[in-house]
Amino acid sequence: MKNVYLIDHPLVKHKLALLRDVATKKCLFRDLLGELTTIVGVEAMKNLPTKKVSVKTPVVTCEQEVVDAKIAIIPILRAGLGMEEALVHLLPFADVYHVGIERDEGSLKPKEYYCKIPKSCADIIAIVADPMLATGGSAEAVIQMLTDRGCKTIIMLSIIASPEGINAIHKKHKGVKIYTAAIDTGAGGGKGLNEKGYIVPGLGDAGDRLFGTRCKG
């Protein structure tokens, strides 16, 4: 699939197996999510623009490259909070715009309840973070918000994605690059979602597992 990047690495597979395990407690779950976010994030940022600067080492002055871009991290509440710390560690100079989107359990449509995206985003590289790219509704809604505000470069980071979620984003936003650690198709027929809109095999509700709230089947 064009503009879809699956991070295929032994450490990713190992950590993902632990993340999926229903027996994994929330403390380890948080650590694993952060570690996977770091691995996927490093790959997603390998083409960031740079500029040359002069650096004085203890030995000599030399020319080095540093990131030359205004970057914003957009964690989708609430599960995206589990990816925020790892991304901020990678990009301590980045801004962070929180967006609250929840899924209506009846219609499976996204509902916005909180948004701190500035009115103009024309000059930023936006990194949208959500561990589970399921129906794609929440991510697509946030991407549309950014596009409406003039953002031209958007990167989507997830840990587990479904084909349905990927297609939902690229149906309207073909230029968005999607980076993920897994693309699940366990619902049969090349589909990744069950009748409730959950990814199969997935890992359940990432927000519930992160924060110790009600775990849905």
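In this predicted model, a good place to start is L193, which, setting aside residues within four places in sequence, makes contact with A134, T135, S162, E164, A187, Y198 and I199. From there, this briefing moves on to the nonpolar cores, helix α4, a pocket, some backbone details and two lysines. Welcome aboard, and enjoy the tour!

**L193 and its surroundings**

- L193 sits in the loop that runs between β13 (182–183) and α6.
- Is L193 buried or exposed? L193 counts as buried because its relative accessible area is 15%, and the cut-off for buried is under 20%.
- A161 is 32 residues away from L193 along the chain, and the two C-alpha atoms are separated by 9.8 Å.
- The loop between β13 and α6 also holds P201, whose peptide bond with the preceding V200 is described under the backbone heading below.

**Nonpolar cores**

- The largest nonpolar core is made up of 36 residues. Within this core, L19, L91, L157, I159 and I160 have the most contacts.
- Several elements supply at least two residues each to this core: the helices α1, α2 (26–44), α3 (81–90) and α6 (206–211), together with the strands β4 (70–77), β8 (124–129) and β10.
- Which element gives the most to this core? That is α2, with six residues.
- L91, one of the residues with the most contacts inside the core, touches M45, L48, I71, I73 and I127 when residues up to four places away in sequence are not counted.
- There is also a second, separate core of 27 residues, and I101, V128, L146 and I169 are among its members.
- As background, nonpolar side chains in soluble globular proteins tend to be buried together.

**Helix α4**

- Helix α4 covers residues 137–148, twelve in number. From its first C-alpha to its last it reaches 16 Å, close to the 16 Å expected at 1.5 Å a residue.
- Nine of the twelve residues of α4 are buried, so the helix is largely enclosed by the rest of the structure.
- Which residues of α4 are buried? They are G137, S138, A139, E140, A141, V142, I143, M145 and L146.
- L146, one of these buried residues, is also included in the second core.
- After α4 comes G150, which has a positive phi, near 95 degrees.

**The second largest pocket**

- The second largest pocket holds about 250 Å³ of space.
- Its lining consists of 16 residues, and those nearest the centre of the pocket are T153, I154, I155, G175 and K177.
- Two strands, β10 (153–157) and β12 (177–180), each supply at least two residues of this lining. Of the elements, β10 gives the most, with three residues.
- Strand β10 thus has a place in two topics here: it contributes to the pocket lining and supplies at least two residues of the largest nonpolar core.
- How many lining residues fall into each class? Nine are nonpolar, five are polar and two are charged.

**Backbone details to check**

- A cis peptide bond joins L77 to R78, with omega near 5 degrees. R78 belongs to the loop between β4 and α3.
- The bond from V200 to P201 is cis as well, with omega near 0 degrees.
- N3 has a phi near 65 degrees, which is a positive value in a residue other than glycine. N3 lies in the segment before β1 (4–6).
- N3 is buried, with a relative accessible area of 16%.

**Two lysines**

- K13 belongs to helix α1, which spans residues 10–20. K13 is classed as exposed because its relative accessible area of 51% is over the 50% cut-off.
- P131 is 118 residues from K13 in sequence, while their C-alpha atoms are 15 Å apart in space.
- K51 is part of strand β2, residues 50–56, and is partly exposed, with a relative accessible area of 41%.
- Apart from neighbours within four places in sequence, K51 is in contact with Q64, E65, V66 and D68.
- V66, one of these contacts, is 15 residues from K51 in sequence and 5.6 Å from K51 in space, C-alpha to C-alpha.

Key
Residues numbered from 1 in each chain as written. Predicted model: local features only at pLDDT ≥ 70, side-chain atom pairs only at ≥ 80, totals over all residues. Heavy atoms only, no water. 1 Å grid on protein atoms, 1.4 Å probe; cavity = no way out; pocket = protein on both sides within 12 Å on 5 of 7 lines; lining within 4 Å. Points joined across faces, edges and corners; volume = space filled by probe spheres on them. Helix = DSSP H or I, 4+ residues; strand = E, 2+ residues; numbered from the N terminus. Nonpolar A, V, L, I, M, F, W, Y, C, P; charged D, E, K, R; others polar. Buried < 20%, exposed > 50% of the residue type's maximum accessible area, 1.4 Å probe, protein only. Expected span 1.5 Å × (residues − 1). Core = buried A, V, L, I, M, F, W, Y, C linked by side-chain atoms within 4.5 Å. Contact = heavy atoms within 4.5 Å.
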